[in-house]
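User: I'm new to reading protein structures and would like a close look at a single spot. Could you pick one part and walk me through it, and then show me how other parts compare?

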Amino acid sequence: AAANGVPFSINQMLVGGRFVTGVAANLWKGDIGKVLVFNTVLSDTDRAAVEAYLAGQWFSSSYLPTATPVQIAGGATLDLNGYNQQIDSLADAPGFGGGIVTNSAAGTSATLTLIPFGYTIFSGSIQGSVGLAIVGSGTQELAGANNYSGATSIISGGLALTAANAISGSAISVSGTGVLTTSVINAISGTASLAVIGSSVTLAHPNNYSGGTGGSGGGGGAG
């Protein structure tokens, strides 16, 4: 290998450290999974592309541990950045309200999968090209307005909508042992749609959404 045309040996490479008066210091301790070597200086765009590549290599399923309960304070954002993420539950930070869940990676979609075991309340906002899946045994409550455009799949456990416009642009499907409940007027609104396949849906108040209602089986009522 060579740097600027000058050959060097592997013994001359220093990873994660620095030289102090000719002596290597602060050496990296740990495992290295992959080393990428380029023959040119990387621009900011190049570095972003490399980071995205490495993220896809090592974190393609979930960045956070899948059993993590996540709390987001008002003013804070959880950015999926184009990657699917599975967590235990989504809640407000105690005393600080709810923040934002979004996906800033242009041209991508990302699904947030929740596996609630108790009852968890999130009053913040889920926005952008994000999908939501509920597969736990507990209930996730959405207590704020949301305008995410990805699908909402309730397969097991419950999703409780307690705010107007809680789902305003998502195709909702309720299947398996999933349960969907609403407790306010227009909890489902906008371009949302609803499909029920052998599950339980209780719409306690009128809802005004344009995507239509379909499916088969199941039970529940609509106000």
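Analyst: Let's start with Ala 151, which is partly exposed, at a relative accessible area of 43%. Keep in mind that this is a predicted model. Partly exposed is the right label because 43% falls between the 20% cut-off for buried and the 50% cut-off for exposed. Where does Ala 151 sit? You'll find Ala 151 in the loop that links strand E13 (130–142) and strand E14 (152–161).

Now look at who is around Ala 151. If you skip the neighbours within four places in sequence, Ala 151 is in contact with Gly 131, Leu 132, Ser 170 and Ala 171. Take Ser 170: this residue is 19 residues away along the chain, yet the C-alpha atoms of Ala 151 and Ser 170 are separated by just 5.3 Å.

For a contrast, try Thr 182, in strand E16 (residues 179–182). Thr 182 counts as buried, because its relative accessibility is 5% and the cut-off is under 20%. The side chain of Thr 182 reaches the backbone nitrogen of Ala 204 at 3.3 Å. Not counting residues up to four places away in sequence, Thr 182 touches several others, including Leu 161, Ile 188, Leu 203 and His 205.

Leu 161 also leads us to the core. In soluble globular proteins, nonpolar side chains tend to be buried together. Here, the largest nonpolar core has 33 residues, and Leu 161 is listed with Leu 90, Ile 126, Leu 180 and Leu 194 as having the most contacts inside it. The two strands on either side of our starting loop, E13 and E14, are among those that each supply at least two residues of this core. E13 gives the largest share, four residues.

Leu 90 is worth a click too. Beyond its neighbours within four places in sequence, its contacts include Val 70, Val 101, Leu 112, Phe 122 and Ile 126.

Val 101 takes us to one last stop, since strand E9 covers residues 100–102. What order do the three strands of the open sheet follow? They run E6-E9-E12, with parallel pairing. The edges are strand E6 (77–79) and strand E12 (125–126), each of which pairs on one side only. E6 and E9 are joined over three bridges, and one bridge partner to look for is Thr 102 in E9, which goes with Asp 79.

Conventions. Residues are numbered from 1 along each chain as its sequence is written. This is a predicted model: local features need pLDDT of at least 70, side-chain atom pairs count only at pLDDT 80 or more; totals for chains, interfaces and linings use all residues. Side-chain values use heavy atoms; hydrogens and water are left out. Two strands pair if DSSP finds at least two bridges between them. Buried means under 20% relative accessible area, exposed over 50%, partly exposed in between (1.4 Å probe, protein chains only). Contact means heavy atoms within 4.5 Å. A nonpolar core is a set of buried Ala, Val, Leu, Ile, Met, Phe, Trp, Tyr and Cys residues joined through side-chain atoms within 4.5 Å. A polar contact is a pair of N or O atoms within 3.5 Å; within protein, one must be able to donate a hydrogen and the other to accept it, and residues adjacent in sequence count only if both atoms are side-chain atoms.
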